[in-house]
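I wanted to go through this structure by its sheets and by the helices that pack in it, and to keep a short record of each thing I looked up. The entries follow in the order in which I made them.

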Amino acid sequence: MQIQTPDWVKHAVFYQIFPDRFAKSKQLRKRLLRSASWEDWEAMPTLQGYKGGDLWGVMEQLDYLQDLGINAIYFTPIFQSASNHRYHTHDYYQVDPMLGGNPAFKELLDAAHQRNIKVVLDGVFNHSSRGFFFFHDVLENGPHSPWVDWFKIHDWPVSPYNGEYPANYEGWADNRALPVFNHDNPEVREYIMEIAEYWIKFGMDGWRLDVPFEVKTPGFWQEFRDRVKTINPDAYIVGEVWHDAREWLDGTQFDGVMNYLFAGPTIAFTAGDRVVLEQVQGRSYDPHPPLFAKEYAEKMQHLLQLYPWEIELTQLNLLASHDTARLLTIAGGDKPSIELATLLLLTFPGAPSIYYGDEVGLPGAIDPDSRRGFPLEANWDREILQTHRELIALRHSYPSLRTGEYRVLYARGELYIFARILGTEELIVAVNAGTAPTKGDVDTSSLSTQPNKLVYGTGEFEWNVESETKQLILNLPARSGCILGNS
């Protein structure tokens, strides 16, 4: 079977937006709760509070995103809900009125597409919420409801709010607020498929699927892919799977997953013993204990052999998300950790994803602190922003950084060097994660050229022309990285 994935994803740089926290429209618009008492934008977020970000605000920031080099947006849920994160879906056909409703989303889609920016939405299809109409009907009418079999109800009466009594129905992660769908019911299956089709027809460019591994019904995700791709063969389907995802990445289901298998080792290598343990303990993506270059190389090579190459090129690579602490906080405020990890992110096969605010040095501990309001411009870290601008621009400039072969050249101590190769274009990327300057004598006989220009970072290099093999002598300052290319 020939695996096909959307070509545009291979060339995308994603930006993940938590809609309530990225941008609040500066224009007065007729909208729900325009004068609501939102939480202060700059105050620490709470689990239940809203800060009032909306889709019009995102639209007003599209020039900023385009200038940064972003050409794809992944939104966490935008559908009507009674939670600031909107994973408790009330209505799958209505964009939350607090975000501007369906008209605002259509306006945003059109504006994004005019800038060649793709838009991917979060699909929460494993479970709904207590406010979802069909479940609410069950609460009102009990076993007489026509929609009893849409959920996994074990006994009566159901108790959606009072924890003193058994819930008597299945909630995701035992959360009563999130009744789980009965995906074996053909009506439920068809309902979800029609939602997926509706929004693809509306114009969005793909789905990020929340906890898709919880859906056990045979053939469900195969049908989902077929239905979505029939409407738009270039639609991107990416699943939230934190570990080995071969079960879903066989070419018949998802185009990729959120690549936490990249994030964890990359943080462990670049941040090392700076990692603040309380920000990662109990988290399953393993950004601790520290890794040396050899161990990191082994993990990256294993990761790149785990899935077909066509899938590797459409993985969604990340360093942080709404489900993790932010890297700056994980690394105890150490800025070189940000630069080194971002360098590895922007030079790895697959689509890099920037979590909103990370590019300007926004800190944040585990939820809800990782979901702060996007900082005022006066509070941006310009150095971190410049790092992102340069590396994103380089990724767009060099095709080898997007679809080229990834070949490890050197991995000793805390010095890691690899090449990205596409035809005659060869780049060498080096990272010194150590606290002392280091030197690497690198055998590059597997390369056909000798990159002779420093296109990013600092460092000194020379080619040993007297060596029997093509030998690169590279000196890197402590906690730094560089990219060598051809002039």
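Entry 1, the open sheet. The model is a predicted one, and I began with an open sheet of 3 strands, ordered β14-β17-β16, in which the pairing is antiparallel. Its edge strands are β14 (438-443) and β16 (460-464), each of which pairs on one side only. I noted that neighbouring strands of this sheet are turned by 15° against each other on average, with direction ignored. Looking at β14 and strand β17 (residues 471-476), I found them antiparallel and joined by 6 bridges, and in this pairing Val442 stands opposite Leu472 of β17.

Entry 2, the barrel. Next I looked up the closed barrel, whose 8 strands run β1-β2-β5-β6-β7-β8-β9-β10 with parallel pairing. Here neighbouring strands are turned by 25° against each other on average, again with direction ignored. As one pair from the barrel I took strand β2 (residues 72-75) and strand β5 (residues 118-123), which pair in the parallel sense over 4 bridges, and I recorded Lys118 in β5 as the bridge partner of Ala72.

Entry 3, strand β10. Which strands did I find pairing with β10 in the parallel sense over 3 bridges? Strand β1 (residues 14-17) does so, with Gln16 having Tyr355 of β10 as its bridge partner, and β9 does so too, with Leu316 having Ala351 of β10 as its bridge partner. I then asked whether the residues of β10 are buried or exposed. Of its 5 residues, 5 are buried, and both faces are covered, with Ala351, Ser353 and Tyr355 on one side and Pro352 and Ile354 on the other. Helix α13 (residues 335-346) lies across β9 (316-318) and β10 (351-355), and runs at about 145° to β10.

Entry 4, a helix pair. Finally I looked at helix α9 (residues 260-270) and helix α10 (residues 293-306), which pack at an angle of about 170° with their axes 10 Å apart. Angles over 145 degrees count as roughly antiparallel, and α9 and α10 are therefore roughly antiparallel to each other. On the α9 side the contact is made by Leu261, Phe262, Pro265, Thr266 and Phe269, and on the α10 side by Ala293, Tyr296, Lys299, Met300, Leu303 and Leu306. Sorted by class, this contact of α9 with α10 has 9 nonpolar residues, 1 polar and 1 charged.

Conventions. Residues are numbered from 1 along each chain as its sequence is written. This is a predicted model: local features need pLDDT of at least 70, side-chain atom pairs count only at pLDDT 80 or more; totals for chains, interfaces and linings use all residues. Side-chain values use heavy atoms; hydrogens and water are left out. Two strands pair if DSSP finds at least two bridges between them. Axes are lines fitted to C-alpha atoms, for helices over the stretch in contact, and angles run from 0 to 180 degrees between N-to-C directions. Contact means heavy atoms within 4.5 Å. Angles under 35 degrees count as roughly parallel, over 145 as roughly antiparallel, 65 to 115 as roughly perpendicular and the rest as oblique. Ala, Val, Leu, Ile, Met, Phe, Trp, Tyr, Cys and Pro count as nonpolar, Asp, Glu, Lys and Arg as charged, and the others, Gly among them, as polar. Buried means under 20% relative accessible area, exposed over 50%, partly exposed in between (1.4 Å probe, protein chains only).
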